[in-house]
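User: I am new to this structure and would like to learn how to read its features. Could we go through them step by step?

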Amino acid sequence: MGSRAEETKQNQEENNGNMAIETPIIPLLTPYNMGSLNLSHRVVLAPLTRQRSYNNVPQPHAILYYSQRTTKGGLLIAEATGVSDTAQGYPDTPGIWTKEQVEAWKPIVDAVHAKGGIFFCQIWHVGRVSNQDYQPNGQAPISSTDKPLTPQIRANGVDIAQFTPPRRLRTDEIPQIVNDFRLAARNAIEAGFDGVELHGAHGYLIDQFLKDQVNDRTDQYGGSLENRCRFALEIVEAVSNEIGSDRVGIRLSPFANYMESGDSNPEALGLYMAE
């Protein structure tokens, strides 16, 4: 018995000596090829609304905020950034429709690039999630619908947001909104961003067209699934043609009903948009 135990121990020691010590693979920290962009890892800074951009102009302190969160080869997505003066619905959120805004973004983007980061601008239109205080000349917010949004508790769990009943966009006005996204994407590239993410989620304007709980149109932008997705896909096409499809992403939330924007068949909606 003793000799067998010694033999077993000797075999184990020999085997241990021959084993290579393998470094465990952590999938989050492995590289990823995102189109033409090579990410060094898969941890992404999500767009986080900061409400620190006074008069809708990004401020110098955002240089510190974004550069602190930058890693070499890491992807950051900027806070939601308005595409026009009708796109606003929250205090002190940034825009990218004026020359002043573009110039203010440049040193922020430069700081991210200086640390080797990859930076996308999330471009945004809130649609009916607004009130006349945020709108030019105190006009009604625009949307796919004229259905009002009921007051909502803000993310801080305390404040109540009030919304002005929206104005339904006329069919002939929709190409102008598509063009606002195109110009915002062009401005983002001018500011130095590596690409844009279209905010097509969470009950904002694109989502207001996508979801049948909100979209009650009877023109070519309402009714069928294909018609409800038309606005979003026209924006994707316009922006892709402007800056290149490898620089364009879209955020979708088919299963969410945030801001009273639910859908009766979210799986079909999500699959159709993905395809």
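User: Which residues of S6 lie on one side of the strand and which on the other, and are they buried or exposed?

Analyst: The model is a predicted one. In S6, Ile118, Phe120, Gln122 and Trp124 are on one side, while Phe119, Cys121 and Ile123 are on the other. All of these residues are buried, and both faces of the strand are thus covered. Strand S6 spans residues 118-124, and seven of its seven residues are buried, so the strand is largely enclosed by the rest of the structure. The cut-off used here for buried is under 20% relative accessible area.

User: Which strands are joined to S6 in the parallel sense, and over how many bridges?

Analyst: Strand pairing is read from the bridges between two strands, at least two being needed. Strand S4, residues 75-77, runs parallel to S6 and is joined to S6 by three bridges. Within that pairing, Ile77 stands opposite Phe120. Strand S5, residues 81-82, also pairs with S6 in the parallel sense, over two bridges; here Gly82 has Trp124 as its bridge partner. Finally, S6 and strand S11, residues 195-200, run parallel and are joined by four bridges. Gln122 of S6 has Glu197 of S11 as its bridge partner.

User: How many residues of S11 are buried, and which way do they point?

Analyst: Six of the six residues of S11 are buried, and the strand is mostly covered. Gly195, Glu197 and His199 point one way, whereas Val196, Leu198 and Gly200 point the other way.

User: Which strand is joined to S11 by five bridges?

Analyst: That strand is S12, residues 248-252, which runs parallel to S11. One example of facing residues is Leu198 of S11, which stands opposite Ile250 of S12.

User: How is the packing of two helices described?

Analyst: Two packed helices are described by the angle between their axes and by the distance between the axes. In this model, the axes of helix H2, residues 61-68, and helix H3, residues 99-114, come within 8 Å and cross at roughly 25 degrees. Angles under 35 degrees count as roughly parallel, and H2 and H3 are therefore roughly parallel to each other. The crossing of H2 past H3 is right-handed.

User: Which residues meet where H2 and H3 are in contact?

Analyst: From H2, Ala62, Ile63, Tyr66 and Ser67 take part; they meet Trp105, Pro107, Ile108, Ala111 and Val112 of H3. By class, this contact has eight nonpolar residues, one polar residue and no charged residues.

Key
Residues numbered from 1 in each chain as written. Predicted model: local features only at pLDDT ≥ 70, side-chain atom pairs only at ≥ 80, totals over all residues. Heavy atoms only, no water. Axes fitted to C-alpha atoms, helices over the stretch in contact; angles between N-to-C directions. Parallel < 35°, antiparallel > 145°, perpendicular 65-115°, else oblique. Left-handed = near helix turned anticlockwise from the far one by under 90°. Contact = heavy atoms within 4.5 Å. Nonpolar A, V, L, I, M, F, W, Y, C, P; charged D, E, K, R; others polar. Buried < 20%, exposed > 50% of the residue type's maximum accessible area, 1.4 Å probe, protein only.
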